[in-house]
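User: I have a chain open on my screen and would like to talk through how its side chains and helices fit together. Can we start with the charged pairs?

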Amino acid sequence: MARPVKKTPEQWKKEILDSAQKLFMSKGYEETSVSDIMNAAGGAKGMFYRFFQSKEEVMHILGNRMFFENNPFEKIRGRSDLNGLQKIRQLLVYNQSDEERNKLNLQAVSILKDPRILSAAIAENRRILTPLWLELLEEGRKDGSIKSEYIKELSELLPLVDFWFIPSIFPSSEEELRHKYHFVTEVLSHMGLPLSDEDIMPFTEKFIAEISTKKGNGL
């Protein structure tokens, strides 16, 4: 009888992440246990803890992996047919239309109630997203489509805005979330970054409805 093929650590890590992603998307994060993940990956529970400290860490890694696999900043970086402001508006459409990643992000909402996890998520957003936003905003200022004296400040603010819309962090009704969205777009417009666009609105309404539903499920 042939011996089973021994998996490398990298193969194990990938299979655990792949299994976790499928289960989080199908069953939900809260309903998925470490044992469920390892049953799907075909390994013992102890193997999980060789690579990851917790289920929360797996969710964090998956969010980053899915972002870089379909990075909206990379999609618009080489678009010579768009100015800086148009690139940012298209970026928002690309980002909000990534249904698989958005579904995973909704599953992660509940764990952000933990201050330690929230702090790590904010730090990661700042590390990854702030330089990407700064590059785009600088491009818009150079081509004249963004007229703002607050480019650096905006690049630091934009990665934080999403957290303000999460009801588990800042409790809000569906109507209050809409009001927040209009407030943010108006403030950004006054700061020289007019983001309101008809192409973005359907995705925004969908996001508000979905995150409000998660709140209704006890978040």
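Analyst: In this predicted model, K87 forms a salt bridge with E139, and the closest N and O atoms of the two are 2.8 Å apart. The pair links distant parts of the chain, since K87 sits in helix α6 (residues 84–96) and E139 in helix α8 (residues 115–143), 52 residues apart.

User: Is K87 buried or exposed? And what about E139?

Analyst: K87 is buried, with a relative accessible area of 4%, which falls under the 20% cut-off for that class. E139, on the other side of the bridge, is partly exposed at a relative accessible area of 26%.

User: How many salt bridges does the structure hold?

Analyst: The structure holds 18 salt bridges. One of them joins the side chains of D18 and R65, with 2.9 Å from N to O. D18 belongs to helix α1 and R65 to helix α4 (residues 55–69), so this pair ties together parts that are 47 residues apart in sequence. D18 itself is partly exposed, with a relative accessible area of 23%.

User: Which salt bridge does E205 form?

Analyst: E205 forms a salt bridge with R178, where the closest N and O atoms are 3.0 Å apart. Here too the pair links distant parts of the chain, with E205 in helix α11 (residues 201–216) and R178 in helix α10 (residues 174–190), 27 residues apart. Both partners are partly exposed, E205 at 30% relative accessibility and R178 with a relative accessible area of 21%.

User: Which residues are joined into one network by salt bridges that share partners?

Analyst: Those are K14, D18, R65 and E69, which are joined into one network by salt bridges with shared partners. The bridge between D18 and R65 that we discussed above lies between two of these residues.

User: Switching to helix packing, how do α1 and α7 cross?

Analyst: The axes of helix α1 (residues 9–26) and helix α7 (residues 99–108) come within 9 Å and cross at roughly 80°. That angle makes α1 roughly perpendicular to α7, because angles of 65 to 115 degrees are placed in that class.

User: Which residues meet there?

Analyst: From α1 the contact involves Q21, F24 and M25, and from α7 it involves E100, K103, L104 and Q107. By type, the residues of this contact divide into three nonpolar, two polar and two charged.

User: What about the aromatics, how many pairs are there?

Analyst: The structure holds nine aromatic pairs. Among them is the pair of F73 and W133, which is edge-to-face, with 5.4 Å centre to centre and 90° between the planes. F73 lies in helix α5 (residues 72–77) and W133 in helix α8, so the pair ties together parts that are 60 residues apart in sequence. Both F73 and W133 are buried.

User: Which residues form an aromatic cluster?

Analyst: F48, Y49, F51 and F52 form one aromatic cluster.

User: Back to α11 for a moment: what is T204 in contact with?

Analyst: T204 lies in helix α11 and is buried, with a relative accessible area of 4%. Leaving aside its neighbours within four places in sequence, T204 is in contact with Q96 and Y181.

User: And in α10, what does V184 touch?

Analyst: V184, whose place is in helix α10, touches V161, W164 and F165 when residues up to four places away in sequence are not counted. At 13% relative accessibility, V184 counts as buried. The C-alpha atoms of V184 and E139 are separated by 22 Å, with the two residues 45 apart along the chain.

User: Finally, what does the secondary structure of the whole chain come to?

Analyst: The secondary structure comes to 11 helices and zero strands. The C-alpha atoms of the chain fill a box of roughly 70 × 40 × 30 Å, taken along the principal axes. Of the 219 residues of the chain, 42% count as buried. Among contacts between residues at least 6 apart in sequence, 67% join residues at least 24 apart.

Technical notes. Residues numbered from 1 in each chain as written. Heavy atoms only, no water. Axes fitted to C-alpha atoms, helices over the stretch in contact; angles between N-to-C directions. Helix = DSSP H or I, 4+ residues; strand = E, 2+ residues; numbered from the N terminus. Parallel < 35°, antiparallel > 145°, perpendicular 65-115°, else oblique. Contact = heavy atoms within 4.5 Å. Nonpolar A, V, L, I, M, F, W, Y, C, P; charged D, E, K, R; others polar. Salt bridge = Lys/Arg side-chain N within 4 Å of Asp/Glu carboxyl O. Buried < 20%, exposed > 50% of the residue type's maximum accessible area, 1.4 Å probe, protein only. Phe/Tyr/Trp six-rings, centres within 6.5 Å; stacked < 30°, edge-to-face > 60°.
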